[in-house]
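Colleague: I would be grateful for a close look at one part of this model, namely the open sheet and what packs around it. Please add the ring pairs, and say how far the prediction may be read.

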Amino acid sequence: MANVIVIGAQWGDEGKGKITDLLSKSADVVVRYQGGVNAGHTVVVQGQTFKLHLIPSGILYPDTECIIGCGTVIDPQVLIEELDQLEKLGISTRNLLISQSAHVTMPYHRMIDRASEERRGNHKIGTTGRGIGPTYADKSERTGIRILDLMEPNALRKQLHWTINYKNVILEKLYDLPALDPEEVIEHYLQYAERLRPHVVDSSLKIYDAIKRRRNILFEGAQGTLLDLDHGTYPYVTSSNPVAGGACVGTGVGPTMIDRVIGVAKAYTTRVGEGPFPTEVDGDVGEFLCDRGAEFGTTTGRKRRCGWFDAVIGRYAVRINGMDCLAITKLDVLDELDEIKVCVAYEIDGQRCEDFPTSSRIFANCKPIYKTLPGWKQSTADCRQLEDLPKQALEYLKYLAELMEVPIAIVSLGASRDQTIIVEDPIHGPKRALLHADGTPVAV
C-alpha cells in the first residue's frame, strides 16, 4: 500500500496528466487536491485524446475511485460538460466523488477575474480569466459558496441573493459591467446541483476510510511548484497551493499518511503567462521546442514560453515538496538537437548562486549559468528500457538526476501510455534511498 503525491516541479504543464494516468493503473483511489478549471490535463489512450480540467485522470480506469477534494474550486457548468463528454466517449463516471466542502465558481467570479486582469494593463499576471482567483478570494473572505450550499436550495437562495447584490455593486461601480439577475443565477445553479448531487460526499472521510483499508491512493494537483501561492514566483502565481503540502490541506489527510512524493518535470522548461523565466530561449531553438513539444495550453490554447532545463528551480522543487523521485517527460522533444544546455546555477550581481531566490526582483535579474551537453540526434520514441536509449540521452538523464539529487523513476517519450520507460514503480516499488554511499543517484 502506498499513498503517493504527484506534483509539478516547474511552472506547470509538465505532463502530470500522463504520469497520473500511468500511476492510476496501480491506484485504487485518485484525488485532485487543488486548483480549478484554470488547469488542464491531456491524456492520450490508444490514439484517443482526453482533455480534463477538473476530473482526475484516473477516471479512465473503470475500477478506480476518483475524488475532487475540498481544496479545489469547482465550476459546475464545466464539470458537467466534462461528465457529458466522458459519457459520450463511453467512459463511466459513476466512480466520481465530489467534496461537499469544495468551493464553487460563480458567474461574478469569472466577470471580476477578466475585468480586473484587464485593468492591470502592463501589470497583468496572466490569469486564465476562469474566475479561480476571485473564488479563492471569497473562500478566504468567508463569503464563498460551497458544494454543500448547492445541496440546500432554500439556504442557497437566501445566501446568493445577498452575495449577488453585493457583487453587483462591484461589477457596476468598479468595472462598469452589467448587474447579474440573482434569480437567474440561482435557477441555473440549482439545476447544476441536481445533476451533481449523486456524486457529493464527505471526501475527507472517504479518503480516511480508504487509507484504513490499505488502498493505494494517488493525490494529483494542478499547475506546478513555481506557481504556488506561497512558494512560487509571486505575484505571477496561481491562487492555491500545488506543492505537496497542499495535498494534505486540500483533501483533509494528515501528513503522516503520505508515503511518497513524485515530481514531474519536462526535459526542458516551459512557462505560460507573465513573470521572470531565466532560461527562456528566443529564436529558432525556442520555436523548435514549442513546435516539436506542441506547447500550447490545454485550458486556454496559449502558446507556452520555452527554455532549457533549470536545475536551480528543480532543486528548489525537491526541497519544498520533499520529493523522493522524478518523472522526466518529453525527452523525445530534444531528439534532433545538436547540443542541449542545462542551467546549473544563476549569476546574481556578479556572484554565483545555486539556490532559488525568493525575491521576484532578484529572480527577474538572474542570469543562467549553463553546462552544455551533446545531443543524441536520433529518435527515442520507441525506447522502452533505459538500455534502449542513445548513450547521450542516458547521460543527460543521469546528469539531471545528479543535479536534482533524486532518482528518476519514470521517463516519458511521447504522449501515449506505452511511450514510457518505468525505472521504478512509485506505488508498488520499494522506496529506496535517494543516493548511493558514493553520492551517485540510485535510479538512472
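Modeller: The account below begins with confidence, moves to the sheet, and ends with the aromatic side chains.

The model is predicted. Its chain has a mean pLDDT of 91, and 94% of the residues reach 70 or more. The stretch 433-439 is an exception to that level, with pLDDT below 50. In the model this stretch has 13 contacts beyond near neighbours in sequence.

The sheet is open and contains 10 strands with mixed pairing, in the order S9-S7-S5-S2-S10-S1-S11-S15-S19-S20. Its edges are strand S9 (200-201) and strand S20 (420-422); each has a single partner strand, so one side of each is left without a neighbour in the sheet. As a general matter, strands of a sheet pair through backbone hydrogen bonds, in either the parallel or the antiparallel sense.

Several of the pairings can be described individually. Strand S1, residues 3-8, runs parallel to strand S10, residues 217-220, and 4 bridges connect them. Within this pairing, Val4 has Leu218 of S10 as its bridge partner. S2 and S5 are likewise joined in the parallel sense, over 4 bridges, and Arg32 stands opposite Ile68 of S5. On to S7, the strand S5 is joined by 3 bridges, again in parallel, with Cys66 opposite Leu96 of S7.

The side chains of S5 can be sorted by direction. Glu65 and Ile67 point one way from the strand, while Cys66 and Ile68 point the other way. All four of these residues are buried.

Helix H8 (residues 203-212) lies across part of the sheet, namely S1, S2 (29-32), S5 (65-68), S7 (96-99), S9 and S10. Its direction is at about 140° to that of S10. Helix H1 offers a further point of interest in Ser24. With a relative accessibility of 0%, Ser24 counts as buried. Leaving aside residues up to four places away in sequence, Ser24 touches Val30, Ser57, Gly58, Tyr61, Thr64 and Leu218. Leu218 is also the residue that partners Val4 in S10.

The aromatic side chains complete the picture. The structure holds 8 aromatic pairs. One of them joins Trp11 and Phe277, whose ring centres are 5.3 Å apart with 55° between the planes, a tilted arrangement. Trp11 belongs to the loop between S1 and helix H1 (16-24), and Phe277 to the loop between strand S12 (269-271) and helix H10 (283-292), so the pair ties together parts that are 266 residues apart in sequence. Trp11 and Phe277 are both buried.

A second tilted pair is formed by Trp376 and Tyr396, with centres 5.9 Å apart and planes at 50°. This pair links distant parts of the chain, 20 residues apart: Trp376 is in the loop between strand S18 (367-374) and helix H13 (391-404), and Tyr396 is in helix H13. Trp376 is buried, since its relative accessible area is 4%, and Tyr396 counts as buried at 1% relative accessibility.

Two further ring features remain. Trp11, Phe277, Tyr316, Tyr346, Phe356 and Phe363 are linked by ring pairs into a cluster. Separately, Lys371 lies over the face of Tyr399, at 5.8 Å from the ring centre.

Note on methods
Residues are numbered from 1 along each chain as its sequence is written. This is a predicted model: local features need pLDDT of at least 70, side-chain atom pairs count only at pLDDT 80 or more; totals for chains, interfaces and linings use all residues. Side-chain values use heavy atoms; hydrogens and water are left out. Two strands pair if DSSP finds at least two bridges between them. Helices (H or I, at least four residues) and strands (E, at least two) are DSSP runs, numbered from the N terminus. Contact means heavy atoms within 4.5 Å. Axes are lines fitted to C-alpha atoms, for helices over the stretch in contact, and angles run from 0 to 180 degrees between N-to-C directions. pLDDT is the predictor's confidence in each residue, from 0 to 100. Rings of Phe, Tyr and Trp (its six-membered ring) pair if their centres lie within 6.5 Å; planes under 30 degrees apart count as stacked, over 60 as edge-to-face and the rest as tilted. Buried means under 20% relative accessible area, exposed over 50%, partly exposed in between (1.4 Å probe, protein chains only). A charge sits over a ring if NZ of Lys or CZ of Arg is within 6 Å of the ring centre and within 35 degrees of the ring normal.
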